[in-house]
Every structure is written in C-alpha cells, then in structure tokens.
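This report describes a protein model, with attention to selected residues, its aromatic contacts and its principal pocket. The sequence and structure are shown first.

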Amino acid sequence: MSVTPEQQAEIDELRNQPNQTLRAVSEGMEAHLYKAIPVLDHGFVRVIDYMGDDAAICQAARVSYGKGTKSVQNDEGLIRYLMRHWHSTPFEMCEIKLHVKLPVFVARQWIRHRTANVNEYSARYSILDREFYMPAPEHINAQSVVNNQGRGELLSPEDTARVLEMLKGDAARCYDNYQTLIDEDGIGLARELARMNLPANIYTQWYWKVDLHNLLHFLRLRADAHAQYEIRVYADAICNVVADWVPFAFKAFEDYRMGAVTMSAQMMECLRRMLKGEAVTKENSGMSVREWREFEGVLEG
C-alpha cells in the first residue's frame with residue numbers, strides 16, 4: 001500500500017484529535033475513521049466521514065407510522081423487513097465518504113455507478129505518481145470461453161512471466177515519456193495533453209460519497225463472485241467497513257441480497273414442475289441455453 005508520509009501524518013493527526021459531537025455515532029465506524037485499508041499493490045480505501053447508523057434507518061422508517069411502532073417491532077426486525085421488501089428511502093438516510101486510491105481502469109468501471117458524488121485527482125493540475133497496478137501471477141488468466149467479459153483458466157508460467165514483463169516494460173516506458181513531455185527544461189507539454197500517454201493501470205485517487213442504499217447496490221454487483229477481481233477486492237474491503245458501521249442493515253443485506261437469488265417467471269414455473277415430480281429439461285423448459293445454465297447454477301448452489 002502506498003500512503004504518502006503526508007497522508008499518514010494527516011491520518012495520525014486526525015485520529016489523535018477526537019471531536020466532541022451531539023450527533024449519533026457508530027462505534028464500529030469510529031474504529032475505521034481515517035485509517036487506510038490496503039487494497040491491491042498500491043491502493044487503499046479509507047473512511048473520511050459518515051452520517052447515520054442502524055438507528056437512523058429505523059428513525060426514518062418509523063416517521064411514516066407515528067409514535068408507538070418501536071414498541072411493536074425491534075430495530076433489527078424492522079431493518080430486515082425493509083430490506084426484504086425492497087424499501088429504499090430509509091437506507092438513504094445514511095451516508096459515507098471514502099478516499100480511494102485505485103487503478104484508472106478500475107475507476108472507469110466504478111464510475112458507471114452514477115449515484116455518488118465524486119471528485120478525482122486532477123492530472124491537468126498535478127503530476128501523477130509513478131505507480132502502476134501489476135497483477136499477481138495467480139490473477140493472470142486467459143479469456144473465458146463462456147463469458148465474453150470474464151477470465152478463464154490461468155496462463156502457463158511462461159506466458160504469465162511474459163505478460164508481466166510486457167506490462168512492466170510498457171508502464172515504465174510510458175511514464176518515462178510522460179516525464180519527458182512535461183519537463184519544463186525539455187518539451188514542456190501541457191499536463192492535460194501529456195496524460196494521454198499514460199496506461200490504464202496507473203493509479204488515481206478520488207473522494208467518493210454515497211448513501212447506504214446506493215452503496216449496497218454497488219456492493220451487490222461488485223462484491224459478487226462474478227465481478228472483476230480488481231474491483232471486487234475494493235468492494236470486499238468496503239463490505240467489512242459497512243458490516244461494522246450498520247451491522248443490522250449489513251446482515252439483512254447479506255441474507256436478502258448477496259445470499260439470495262432471483263428467478264424469472266419461467267424458472268419459477270420449472271421449479272414448481274420439478275417439485276411435482278415432473279422431468280424438466282432444457283428442451284421442455286422454454287429457456288435459452290444461457291438461461292438454463294443459470295437456472296442449473298441456482299439449483300446446484
């Protein structure tokens with residue numbers, strides 16, 4: 001992990017100067033505040049600020065029902081009901097602001113989630129550091145033969161070494177040229193033009209602020225086993241933070257989103273036929289080849 005001495009000094013100073021507040025705090029989240037959680041070879045995630053906790057979700061939900069609801073249903077039960085029935089606005093009452101350092105190609109996947117506020121490091125104004133993501137050998141795979149956007153089998157040790165040599169050589173060469181382009185005693189090219197020569201595995205940084213509802217949607221997609229490894233490890237790190245921040249909400253999320261499955265009407269009909277003892281095959285299911293394969297995956301767990 002590459003936290004600069006200046007960033008570490010800021011972290012130490014912030015954690016050594018606690019502020020008194022009257023607002024609700026989450027003890028679990030307080031333990032994470034400002035600390036950098038290492039991700040990949042040079043990346044990290046750290047919590048800069050947050051608002052709300054499990055109680056804030058319940059408070060927002062109960063405003064619709066009036067006084068007395070809390071005595072009928074406890075907080076955890078209410079949160080599980082809200083999650084189970086796809087209520088969203090109570091979860092929007094909680095927010096989190098993260099500082100993330102990540103490779104540019106991961107950032108381009110991440111930014112597709114357009115429900116957050118983002119401010120990214122400016123390569124027009126500042127000079128990017130000489131830091132590039134290099135995958136570990138166990139994460140260098142061939143193209144999948146069944147999924148056009150996924151990985152397949154591992155490459156041979158010889159091809160893996162060749163890939164890493166290419167990646168390292170190209171990254172070094174591109175950054176050397178970048179430095180030559182922006183050198184005031186040399187070419188002196190504008191930084192906003194010179195940056196186009198940098199590869200997509202160079203690291204960038206941003207502040208990312210999002211409410212809990214949209215964060216959980218992000219995590220459902222990006223912490224999934226089918227997500228690309230390089231973004232999944234960031235999602236996994238954030239999952240650990242959220243589990244400490246809003247434990248009731250995260251447990252409900254695990255049960256009703258991450259650990260649940262969605263079936264189409266055709267899948268449900270086939271399942272009912274199977275439960276009745278009928279022999280259901282791909283040919284008489286009415287599903288496409290890919291749908292049937294997904295259905296089998298659900299049944300096999």
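## His32 and its polar contact

His32 is buried, its relative accessible area being 17%. That value falls under the 20% cut-off, so His32 counts as buried and not as partly exposed. The structure is a predicted model, and His32 is placed in the loop between α2 (27-30) and β1 (36-39). The side chain of His32 is joined to that of Asp244 by a polar contact of 2.7 Å.

## Overall architecture

The protein contains 13 helices and seven strands. Its C-alpha trace spans about 75 × 60 × 30 Å along the principal axes. Of the 301 residues in the protein, 36% are buried.

One of the buried residues is Ala194, with a relative accessible area of 0%. Ala194 belongs to helix α7 (residues 191-194). Between Ala194 and Ala123 the C-alpha to C-alpha distance is 9.0 Å, although the two residues are 71 residues apart in sequence.

## Aromatic pairs

How many aromatic pairs does a search of the whole structure find? The search yields 11 aromatic pairs. Among them is the pair of Phe105 and Tyr133, with 6.0 Å from centre to centre and 40 degrees between the planes; this pair is tilted. Phe105 lies in helix α5 (residues 104-110), whereas Tyr133 lies in the loop between β4 (117-120) and β5 (141-143), so the pair ties together parts that are 28 residues apart in sequence. The two partners fall into separate accessibility classes: Phe105 is partly exposed, with a relative accessible area of 26%, while Tyr133 is buried, at 5%.

A further tilted pair is formed by Trp208 and Phe218, because their ring centres are 5.2 Å apart and their planes stand at 55 degrees. Here strand β7 (residues 203-211) contributes Trp208 and helix α8 (residues 212-222) contributes Phe218, so the pair ties together parts that are 10 residues apart in sequence. Trp208 is buried, with a relative accessible area of 2%, and Phe218 also counts as buried, at 0% relative accessibility.

## Aromatic cluster and charges over rings

Trp208 and Phe218 also belong to one aromatic cluster, together with Trp110, Trp206 and Tyr234.

Two tyrosine rings have a charged side-chain end over them. The charged end of Arg23 sits over the ring of Tyr50, at 5.3 Å from the ring centre. The charged end of Lys101 sits over the ring of Tyr203, and the corresponding distance is 5.9 Å.

## The largest pocket

What volume of space lies in the largest pocket? The largest pocket holds about 1500 Å³. It is lined by 34 residues, of which Asn147, Asp224, Ala225, His226 and Ala227 are the closest to its centre. Two or more lining residues come from each of β5, α8, α9 (229-245), α10 (247-258) and α13 (289-300). The largest share of the lining, five residues, is supplied by α13. Classified by residue type, the lining comprises 14 nonpolar, 11 polar and nine charged residues.

Some of these elements also appear in the contacts described above. Helix α8, which carries Phe218 of the tilted pair with Trp208, is among the elements that give two or more residues to the pocket lining. Strand β5, which bounds the loop that holds Tyr133, is likewise among those elements.

Notes: Residues are numbered from 1 along each chain as its sequence is written. This is a predicted model: local features need pLDDT of at least 70, side-chain atom pairs count only at pLDDT 80 or more; totals for chains, interfaces and linings use all residues. Side-chain values use heavy atoms; hydrogens and water are left out. Rings of Phe, Tyr and Trp (its six-membered ring) pair if their centres lie within 6.5 Å; planes under 30 degrees apart count as stacked, over 60 as edge-to-face and the rest as tilted. Helices (H or I, at least four residues) and strands (E, at least two) are DSSP runs, numbered from the N terminus. Buried means under 20% relative accessible area, exposed over 50%, partly exposed in between (1.4 Å probe, protein chains only). A charge sits over a ring if NZ of Lys or CZ of Arg is within 6 Å of the ring centre and within 35 degrees of the ring normal. On a 1 Å grid over the protein atoms alone, a cavity is a set of points where a 1.4 Å probe fits but cannot get out, and a pocket is an open set with protein on both sides within 12 Å along at least five of seven lines; lining residues have an atom within 4 Å of a point. Grid points are joined across faces, edges and corners, and a volume is the space filled by probe spheres set on the points. Ala, Val, Leu, Ile, Met, Phe, Trp, Tyr, Cys and Pro count as nonpolar, Asp, Glu, Lys and Arg as charged, and the others, Gly among them, as polar. A polar contact is a pair of N or O atoms within 3.5 Å; within protein, one must be able to donate a hydrogen and the other to accept it, and residues adjacent in sequence count only if both atoms are side-chain atoms.
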